[in-house]
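This report looks at how side chains meet one another, taking aromatic rings and charged groups in turn. The sequence and structure come first, and the description follows.

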Amino acid sequence: VPLTTFVRDVTSQADKAHKRSKPAEQQEAASCALAWLTAWAKGDAWLGRMAQAQAEYQRKWDLAGVALAYLKVKSFASTEQRRTIEPWLMRFADAARAFFDDASHKRNNHWYWLGLAVGATAIATDSERHWQIARGIMTDAARDIAADGTLALELARGGRALLYHTFSAMPLVTLAELARAKGEDWYALNDGALHRLVHVTVKGVAEPNLFEARVGVRQDAAPWSGMAWLHLYLPRFAGRVGTIPLQDVKSGHRWVGGDTLVLDAVLRKLGPGLAKG
């Protein structure tokens with residue numbers, strides 16, 4: 001699929017820009033990612049009318065990956081590239097957000113993924129308007145998380161409830177890490193709601209019977225390998241969860257901009273500047 005290939009390749013090149021040891025190789029990888037982003041921005045990619053809801057879902061997932069990839073290589077971008085890419089990302093975010101103006105569209109994990117997509121766009125483009133939207137979505141998410149850490153709309157998925165809790169945690173933890181780079185603690189919202197979600201999700205993956213008891217049906221497998229967000233969460237909050245086989249957890253996914261270890265390093269560098277701004 002061309003869109004999948006594009007996002008995967010751009011995020012991969014953005015990661016290489018930080019993983020390569022030689023400056024020339026770093027620049028080469030960043031230039032590759034930026035050339036692709038510039039070309040697609042000039043072509044108004046993802047800005048057309050989507051005929052199906054699934055296409056809208058894909059739009060915001062892809063935006064999250066693309067915006068985070070751009071954030072990783074923004075320091076390599078020329079002034080002209082920034083003038084092309086950043087307005088496009090903002091239009092991209094506005095198009096993805098408009099889908100949820102229809103009240104019939106559930107604000108479940110898709111809403112949370114939109115929060116990450118818009119939040120990543122906000123930081124990548126220095127857009128306070130988009131950051132306010134992301135903050136509002138995170139506030140909604142924190143309100144959705146029950147006292148036991150579960151999400152009602154995801155529990156309603158029956159045998160896939162546990163899997164969708166892991167899927168919901170991915171954008172929310174990543175978004176909370178973006179907020180940390182701006183000096184904001186979104187883990188604390190609603191009395192630590194996100195910590196509760198992480199706790200019940202991790203415990204559920206380790207002991208699926210816990211979700212089976214809640215939902216009443218056997219749960220589909222939710223492998224550790226698909227929980228890349230743990231590489232963002234554990235360095236600071238390991239004491240909040242039990243033992244996790246981190247060696248089995250993949251560190252990357254295109255919808256979180258590629259490698260979360262690279263993203264963490266980038267955010268740590270950006271953090272002080274963002275907090276002051």
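In this predicted model, Tyr233 is buried, and Phe237 is buried as well. The ring centres of these two residues lie 4.9 Å apart with the planes at 40°, so Tyr233 and Phe237 form a tilted pair, since stacking would need planes under 30 degrees apart and an edge-to-face arrangement over 60. Tyr233 and Phe237 both belong to helix 11 (residues 230–237), where a spacing of four residues separates them by about one helical turn.

The structure holds 20 aromatic pairs. One of these is formed by Trp131 and Trp186, which are stacked at 4.8 Å centre to centre with 25° between the planes. This pair links distant parts of the chain, for Trp131 sits in helix 6 (residues 128–144), while Trp186 sits in the loop between helix 8 (161–181) and helix 9 (189–206), 55 residues apart. Trp131 and Trp186 are both buried, and Lys182 lies over the face of Trp131, at 5.1 Å from the ring centre.

Ring pairs also build a cluster, whose members include Tyr57, Trp61, Phe99 and Tyr164. Over the face of Tyr164 lies Arg157, at 3.7 Å from the ring centre.

Turning to charged groups, side chains of opposite charge can pair when their charged atoms come close. A search of the whole structure finds 19 salt bridges, and the table sets out some of them.

| Salt bridge | Closest N to O distance |
|---|---|
| Arg91 and Asp44 | 3.3 Å |
| Arg82 and Glu86 | 2.7 Å |
| Arg143 and Asp140 | 2.9 Å |

Arg91 lies in helix 4 (residues 79–98) and Asp44 in the loop between helix 2 (23–42) and helix 3 (53–73), so their salt bridge ties together parts that are 47 residues apart in sequence. Arg91 is partly exposed, with a relative accessible area of 38%, and Asp44 is likewise partly exposed, at 39%.

Arg82 and Glu86 are four residues apart in helix 4, a separation of about one helical turn. Arg82 counts as partly exposed at 32% relative accessibility, whereas Glu86 is buried, with a relative accessible area of 8%.

Arg143 and Asp140 both lie in helix 6, three residues apart, which is about one turn of the helix, and Arg143 is exposed, with a relative accessible area of 56%. Elsewhere, salt bridges that share partners join Glu177, Arg180, Arg236, Asp264 and Arg268 into one network.

Terms used:
Residues are numbered from 1 along each chain as its sequence is written. This is a predicted model: local features need pLDDT of at least 70, side-chain atom pairs count only at pLDDT 80 or more; totals for chains, interfaces and linings use all residues. Side-chain values use heavy atoms; hydrogens and water are left out. Rings of Phe, Tyr and Trp (its six-membered ring) pair if their centres lie within 6.5 Å; planes under 30 degrees apart count as stacked, over 60 as edge-to-face and the rest as tilted. Helices (H or I, at least four residues) and strands (E, at least two) are DSSP runs, numbered from the N terminus. Buried means under 20% relative accessible area, exposed over 50%, partly exposed in between (1.4 Å probe, protein chains only). A charge sits over a ring if NZ of Lys or CZ of Arg is within 6 Å of the ring centre and within 35 degrees of the ring normal. A salt bridge is a side-chain nitrogen of Lys or Arg within 4 Å of a carboxyl oxygen of Asp or Glu.
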